[in-house]
Protein chains: 2
Amino acid sequence: MTQKRIEQQVGFILEVDKLKEVFRQTLCAQSRRPENDAEHSWHLCLAAIVLAEHANEPRLDLLRVLKMLIIHDLVEIDAGDTFAYDTARMAQQHEREARAADRIFGMLPGGQSAEFRALWDEFEDRRTPESVFAAAIDRFQPVLLNCNTDGAAWRRHKVSEDRVVARNAPIAAGSAALWMEASRMIAKAFESGRTGPAHRAADGPAGGVSLSP
Amino acid sequence: MTQKRIEQQVGFILEVDKLKEVFRQTLCAQSRRPENDAEHSWHLCLAAIVLAEHANEPRLDLLRVLKMLIIHDLVEIDAGDTFAYDTARMAQQHEREARAADRIFGMLPGGQSAEFRALWDEFEDRRTPESVFAAAIDRFQPVLLNCNTDGAAWRRHKVSEDRVVARNAPIAAGSAALWMEASRMIAKAFESGRTGPAHRAADGPAGGVSLSP
């Protein structure tokens, strides 16, 4: 009984090793190679334990925040990474990801499968202080990396400063202090000019380009 | 006051992005490229939340387990990864890593710096149920990847089956059920012959080779 259950769990742990092969638009600050979802998820966990004291909600259940951050991107094993500024592709994102969640969390044994699915649903719904804070961290970390790689992902996809601000303003719902810091960082990055003039709303049509056909 | 503190914390979060560039001997199961410390740390967190029910200690503080797993390898940013079977290099490992801990955790603001250092010390000392379980997960995950990459890291460094068993038997101190599963996996991997005859203790001098000059 325990053996069968543990074998099923180990099968799941091996399956999700694939998260290391899902690459994002954001670059690592040091090597400037694309970051993958596994190391991104780790970096979010690290940021969450460092920054939890700045959450708007003082009685945050940090364990549930971490569980959500650990599993939030597993669906991308099947559904792929959707760039946050790709409006066309984001429209069908939830449907693709919900199918992926059925398959991937369905690999876990009874009880645990439902528990992990509920954590993922909670993260997606953003209705609890824990999921709102987890989502804030999930937005803050790419801002940090972009601001330290000359806005690489923003520049590549011609995302304007106003779209970066609009996309990331919900950080404030999880942590007002963190959003103050993020908006300072964004302003400084665009002021430096290294992110390129194409980023500035004043330089072209608002909204940047969609990546999908 | 909050701004200065948050800037210091964000500086730390950016600094430890370097963990994504520290590569290990273990290969990822899918692409068979070397795994890095950041994605390894994520994979341990994932394994810990899936397998916590098998811990010998039923009242485990899982939040502290996760915090330890998130930060346990940060010292390798300065000290590099030490292969678990490299006995010569392991002898000076703790001294190198303690210096790294001084610098890296020292980047955090007052209070938090001491808290993170205490978590790392707890992990290293293996004297609490949480650190013993975290260490069990840290041994189990490379076994899982090695068993699913034809024993790549073991074969490359001619590590025999008896050394693999000896190195990983302490998993039992954190979870007897997990060690039963790991020892089944190790036996099966060596029986398959794909890990190569050089791995078997009977085929050569015991102990494998040291990697250091």
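Tutor: A salt bridge is a side-chain nitrogen of Lys or Arg within 4 Å of a carboxyl oxygen of Asp or Glu. Keep in mind that this is a predicted model.

Student: How far apart are the closest N and O atoms of A:E21 and B:R33?

Tutor: They are 3.8 Å apart, and the pair counts as a salt bridge. Across the interface of chain A and chain B the rule finds 6 salt bridges, while the structure holds 44 over all chains.

Student: What area is buried between chain A and chain B?

Tutor: The general idea comes first. The size of an interface is often given as the accessible area lost when the parts come together. Here the area buried between the two chains is about 4,800 Å², and carbon and sulfur atoms give 71% of it. On the side of chain A, the residues that lose the most area to chain B are A:I13, A:K20 and A:W42, together 15% of what that side buries. The contact takes 56 residues from chain A and 56 residues from chain B.

Student: How many residue pairs are in polar contact across this interface?

Tutor: The rule finds 30 such pairs. Several elements of chain A give two or more residues to the side that touches chain B, among them helix 1, helix 2 and helix 7. Helix 2 of chain A provides the largest share, 11 residues. By residue class, that side of chain A divides into 31 nonpolar, 12 polar and 13 charged.

Student: Which residues of helix 7 of chain A are buried?

Tutor: Buried means under 20% relative accessible area. In helix 7 of chain A, the buried residues are A:Q112, A:S113, A:F116, A:L119, A:W120, A:E122 and A:F123. They pack against helix 1, helix 3, helix 6 and helix 8 of chain A, together with helix 2 of chain B.

Student: Is B:D37, in its salt bridge with B:R24, buried or exposed?

Tutor: B:D37 is buried, because its relative accessible area is 0%. B:R24, at 13% relative accessibility, also counts as buried. The closest N and O atoms of this salt bridge are 3.8 Å apart. The pair links distant parts of the chain, with B:D37 in helix 2 and B:R24 in strand 1 of chain B, 13 residues apart.

Student: What parts does the pair of B:K67 and B:E115 tie together?

Tutor: The closest N and O atoms of this salt bridge are 3.6 Å apart. B:K67 lies in helix 3 and B:E115 in helix 7 of chain B, so the pair ties together parts that are 48 residues apart in sequence. B:K67 is buried at 16% relative accessible area, whereas B:E115 is partly exposed at 36%.

Conventions: Residues are numbered from 1 along each chain as its sequence is written. Chains are lettered from A and ligands numbered from 1 in the order in which they are written. This is a predicted model: local features need pLDDT of at least 70, side-chain atom pairs count only at pLDDT 80 or more; totals for chains, interfaces and linings use all residues. Side-chain values use heavy atoms; hydrogens and water are left out. Contact means heavy atoms within 4.5 Å. Buried area is the accessible area (1.4 Å probe) that two parts lose on being put together, summed over both. A polar contact is a pair of N or O atoms within 3.5 Å; within protein, one must be able to donate a hydrogen and the other to accept it, and residues adjacent in sequence count only if both atoms are side-chain atoms. Helices (H or I, at least four residues) and strands (E, at least two) are DSSP runs, numbered from the N terminus. Ala, Val, Leu, Ile, Met, Phe, Trp, Tyr, Cys and Pro count as nonpolar, Asp, Glu, Lys and Arg as charged, and the others, Gly among them, as polar. Buried means under 20% relative accessible area, exposed over 50%, partly exposed in between (1.4 Å probe, protein chains only).
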